[in-house]
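Me: I am new to this structure and would be grateful for a close look at a single part of it. Please take one sheet and follow it outward to its surroundings.

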Amino acid sequence: MSQAPELKLAPTPGQTIGPFYGYALPFEKDNELVNQANPNSIRLHGVITDGKGEVIPDALLEIWQADENGNVVSRDGSLVRDGYTFTGWGRTAVDNVGHYTFTTVNPGATEDGKAPFIMLTVFARGLLNRLFTRIYLPEDTQALANDPLLSSLTEAQRKTLIATREEDGSLRFDIHLQGEDETVFLAYPRES
Amino acid sequence: MSTETTKDESFENSHVLDPAATADSQEKITDEITSIHEAYRQEVVSGKKAETQPRINFAPYRSSLLRHPTKNLHHVDPETIELYSPAFGQRDVHALESDLTIQHNGEPIGERIVVAGRVLDGDGRPVAGQLVEIWQANAAGRYIHKRDQHPAPIDPNFTGVGRAITGPNGEYSFTTIKPAPYPWKNHHNAWRPAHIHFSLFGTDFTQRMITQMYFPGDPLFSLDPIYQAITDADARDRLVATYDHSITSHEWATGYNWDIVLTGSNRTWMEDEEGDH
């Protein structure tokens with residue numbers, strides 16, 4: 001890949017989401033990308049913690065992912081949640097103990113041999129700008145070994161990006177904003 | 001020493017009764033901000049590229065101390081899902097949701113304003129048909145949020161939440177009430193400048209952002225550690241709307257213009273590059 005082209009306009013700065021988004025951004029079924037009754041539905045869940053290991057009760061998370069077949073969809077209706085339309089995007093405010101849950105499906109590989117992942121964005125009071133990371137599925141170890149991002153990380157860092165599969169099929173992914181197990185957060189080209 | 005200790009813990013000392021009295025002073029916060037900004041200016045003078053985003057590690061904003069990653073963000077080439085964005089449309093948002101003054105039975109109290117502008121990407125292309133969400137305090141500086149305990153009145157005719165889908169040229173327009181400043185607990189006598197929260201999507205999910213729009217000439221700017229976490233003065237100015245008399249309407253509302261520039265799309269240039277081979 002060659003160098004990303006320079007931006008023509010200076011981007012507008014981000015700011016913290018603050019403490020009072022709770023009556024504004026959440027909406028009904030915001031964390032249900034599919035209905036729980038869908039036989040392929042899985043639970044994606046975890047907690048978000050700060051530099052002291054304490055849970056963060058005022059964070060908002062969003063995920064964006066391909067469908068089970070690895071297709072990136074472009075369908076409106078996320079805010080309506082009719083129960084039939086998979087839009088690939090979900091949002092949830094964490095609960096009082098920093099725990100979050102999404103009901104979704106395992107994303108398929110977008111290309112043969114690619115390691116499937118879910119894109120995650122973190123907003124929180126005290127966090128001055130959003131953070132991006134990836135939630136990798138744990139199963140395809142060959143694809144994980146070949147993944148360019150994971151290959152560039154230490155073993156300890158890699159672990160922070162790969163979800164754990166629980167016995168009931170749930171995916172567990174904890175987010176550590178700071179500390180020993182600090183999650184690897186990402187920067188993309190063309191941010192400034 | 002023992003008498004002093006006794007005195008400190010006695011209720012004759014106001015700070016025992018008022019926890020805020022033991023908090024940092026505005027002067028201390030302002031000094032910290034000034035010294036970080038001065039160090040930044042020196043770096044720019046020595047040739048460092050101007051910053052466009054807030055520092056996520058910005059100690060004067062005390063809540064950031066334990067909530068920012070300590071390691072550098074890891075640079076990565078975006079792949080697949082990261083090159084696209086969720087789609088929203090008229091199905092998701094009713095046209096009336098962009099008017100925050102008609103959500104109840106009566107007119108909200110306060111200065112009616114229109115905030116209008118365009119959402120562009122870093123290449124200057126309009127972001128069309130995308131979701132914009134806003135939320136804000138009312139004209140007394142109070143949010144409709146159960147954790148906001150600021151003793152200012154709630155306005156039964158104002159919730160302070162709006163949504164819009166951008167037009168073909170990236171344009172949006174909200175009719176609302178000018179929010180007031182409000183106190184918070186970062187330090188003693190801390191007040192936020194009046195602002196409207198904006199949530200934005202681009203054509204790539206990597207452009208996702210949440211920010212705050214401010215009003216021109218706010219006397220609280222220099223005192224606010226959230227706004228000042230943006231070390232670069234030009235970058236800070238990009239969060240301040242402009243009074244625009246062409247948006248102001250006769251005997252109805254004053255108008256402000258605020259254009260939002262997202263980061264650059266990666267899909268376009270990466271696709272172009274693939275096409276070259």
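Reply: The account below begins with a sheet of chain B and then turns to the contact with chain A.

This is a predicted model, in which local features need pLDDT of at least 70 and side-chain atom pairs count only at pLDDT 80 or more, while totals for chains, interfaces and linings use all residues. Residues are numbered from 1 along each chain as its sequence is written, and chains are lettered from A and ligands numbered from 1 in the order in which they are written.

In chain B, four strands (DSSP runs of E, at least two residues, numbered from the N terminus) make up an open sheet, ordered S4-S3-S8-S9, with antiparallel pairing; two strands pair if DSSP finds at least two bridges between them. Strand S4 (161–165) and strand S9 (209–214) of chain B are the edges, each pairing on one side only. From one strand to the next, the twist averages 20°, the axes being lines fitted to C-alpha atoms and the angles running from 0 to 180 degrees between N-to-C directions.

Within this sheet, strand S3 (residues 131–136) and strand S8 (residues 195–200) of chain B run antiparallel and are joined by five bridges. B:Ile134 has B:Phe198, in S8(B), as its bridge partner.

Chain B also meets chain A: 67 residues of chain B are in contact with 68 residues of chain A, contact requiring C-beta atoms, placed from the backbone, within 7 Å. On the side of chain B that touches chain A, S9(B) supplies the largest share, four residues.

Notes: Contact = placed C-beta atoms within 7 Å.
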